[in-house]
Amino acid sequence: MALAFRAVLAGSTAFLLGVASPSFAQTDIGKAVSEDYDAVLEALYIDFHQNPELSFKENRTAKIIAAQLRAVGVEVTEQIGQTGVVGIMRNGPGPTVLVRADMDGLPVAEASGLSYASSATQVDVDGVEKPVMHACGHDVHITSLIGTARRLASLKNQWSGTIVFIAQPAEEKINGAKAMLDDGLYERFPKPDYALAFHVSSQVPTGKIDIRSGLFASSSDSVNITVYGVGAHGAAPHRGKDPIVMGAEIIMALQTLVAREISPLSPGVVTVGAFHSGFKHNIISDRAEMQLTVRSNDNAVREKLLSGIKRIAENVGRLNGMPEDMLPKVEVGFQSTPVTINDAELTERLTGEFTRHFGTQTLITDGQQQSMGAEDFAYFVMPNSDVPGMYFSVGGTPQADFDAEAAGGPAVPSHHSPLFKIAPRESVTLGTEAMTVAVLDLLAPKGAQAD
């Protein structure tokens with residue numbers, strides 16, 4: 001492992017990784033990225049993987065990213081949207097391109113068996129100490145962000161314009177992008193003409209790029225419902241109003257939202273993941289708490305589901321004779337994101353550029369959505385922001401692992417699993433090369449080809 005360049009400064013969380021100078025004479029992008037991986041990026045990746053941090057707690061991670069960006073001439077501002085990093089690379093007139101990477105880990109105890117597995121723990125924002133793991137590949141994303149900045153700094157003779165590098169907090173809570181925007185990202189810094197991001201995928205073979213127009217990730221909303229009741233003795237239920245019964249009625253009625261109010265051709269999910277009430281066998285509680293996740297592939301369906309949840313909950317309260325000031329309370333928005341939609345024109349343009357650079361054998365252009373996972377990159381490219389965006393996937397699992405699974409061997413671990421792992425070199429280098437190629441195309445001087 002290329003760890004020799006690491007410099008450790010005093011303090012348990014204050015050390016930063018030393019930075020090797022990029023090869024400014026390098027013109028072969030793939031070769032240069034590979035050399036960068038050996039010299040710098042591999043050690044960065046391992047360090048990020050071994051030292052993951054939870055959402056809105058990514059202080060150490062952000063400092064390392066900021067130092068790496070500054071080392072290649074990027075103007076850096078820290079603590080945007082709490083722990084976010086914004087880096088500006090200017091190179092004459094031209095469009096502005098935003099390149100985003102998310103940097104938070106998950107409260108998962110790693111069991112991947114990797115020699116560099118995380119054993120980290122961290123006190124979360126709720127005050128509880130938890131194990132932490134990069135169980136979704138964000139360590140790949142931030143390593144690639146640094147690699148992309150290094151390449152583009154070395155290729156300034158091939159592009160003109162401005163690049164905004166974003167290291168975003170709290171994607172796993174799907175509120176980090178909104179936090180950065182609420183902190184003035186598009187007012188305090190150059191507003192992009194294009195926005196780009198990628199995700200490493202354990203369900204895509206290494207060496208492949210999954211790119212497609214339109215829908216790329218579902219919406220996600222965390223919903224809390226508080227059901228109010230009137231406490232009583234369990235042997236005298238007529239003296240109270242039972243919130244557990246009302247909660248059960250709400251849960252069953254919610255099943256009709258997808259089954260009877262949404263078209264069978266439009267996916268939707270309403271899942272009650274938690275339901276808590278009471279402390280003793282013979283006491284009717286005066287309160288019940290419910291936690292839901294809501295998913296859709298269309299913003300109109302999303303709004304219909306959310307408004308339907310509120311309607312059902314409140315009317316179950318009315319059905320049970322609760323006064324208007326004690327109807328069930330529905331809270332939405334603390335962890336929410338709309339659907340992620342790739343701009344058709346931008347996606348077509350970059351699909352063509354990726355085809356020219358990598359060849360058709362690298363691209364998956366007819367891939368299907370593999371789950372109803374969500375992605376808060378959507379906030380950067382929402383219709384009212386007037387910023388066209390494109391989000392793509394880079395393969396993280398060797399084909400041999402898929403072949404072994406098909407032959408009855410071990411299953412390829414999913415994202416968010418304690419067993420999650422990807423092939424670092426293949427993931428980081430392809431992601432870095434693809435992002436570099438995309439930015440060069442978008443910022444190529446008129447009449448010039450980026451590649």
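1. In this predicted model, the largest cavity is lined by Val99, Arg100, Ala101, His141, Ser144, Leu145, Thr148, Phe198 and Met435, and about 40 Å³ of space lies within it. The structure holds one cavity of 30 Å³ or more.

2. As to where that lining comes from, β3 (96–102) and α3 (138–154) each supply at least two of its residues, with α3 giving the largest share, namely four residues. By character, the lining of the largest cavity divides into five nonpolar residues, three polar and one charged.

3. A second element that deserves comment is helix α7, which runs over residues 299–319, has 21 residues and spans 30 Å from its first C-alpha to its last, close to the 30 Å expected at 1.5 Å a residue.

4. The ends of α7 can be described in some detail: at the N-terminal end Asp298 acts as a cap, with a side-chain oxygen 2.8 Å from the backbone nitrogen of Ala300, while just after the helix Gly321 takes a positive phi of about 80°.

5. Which residues of α7 are buried? They are Val301, Arg302, Leu305, Leu306, Gly308, Ile309, Ile312, Ala313, Glu314, Val316 and Gly317, a list in which Arg302 and Glu314 appear alongside residues such as Leu305 and Ile309. In general, an α-helix has 3.6 residues a turn, so residues three or four places apart point the same way.

6. The cover over the buried residues of α7 includes the strands β10 (219–228), β12 (268–277), β14 (287–296) and β15 (329–337), together with the helix α6 (243–261).

Notes:
Residues are numbered from 1 along each chain as its sequence is written. This is a predicted model: local features need pLDDT of at least 70, side-chain atom pairs count only at pLDDT 80 or more; totals for chains, interfaces and linings use all residues. Side-chain values use heavy atoms; hydrogens and water are left out. The expected span of a helix is 1.5 Å times one less than its number of residues. Buried means under 20% relative accessible area, exposed over 50%, partly exposed in between (1.4 Å probe, protein chains only). Contact means heavy atoms within 4.5 Å. A polar contact is a pair of N or O atoms within 3.5 Å; within protein, one must be able to donate a hydrogen and the other to accept it, and residues adjacent in sequence count only if both atoms are side-chain atoms. On a 1 Å grid over the protein atoms alone, a cavity is a set of points where a 1.4 Å probe fits but cannot get out, and a pocket is an open set with protein on both sides within 12 Å along at least five of seven lines; lining residues have an atom within 4 Å of a point. Grid points are joined across faces, edges and corners, and a volume is the space filled by probe spheres set on the points. Ala, Val, Leu, Ile, Met, Phe, Trp, Tyr, Cys and Pro count as nonpolar, Asp, Glu, Lys and Arg as charged, and the others, Gly among them, as polar.
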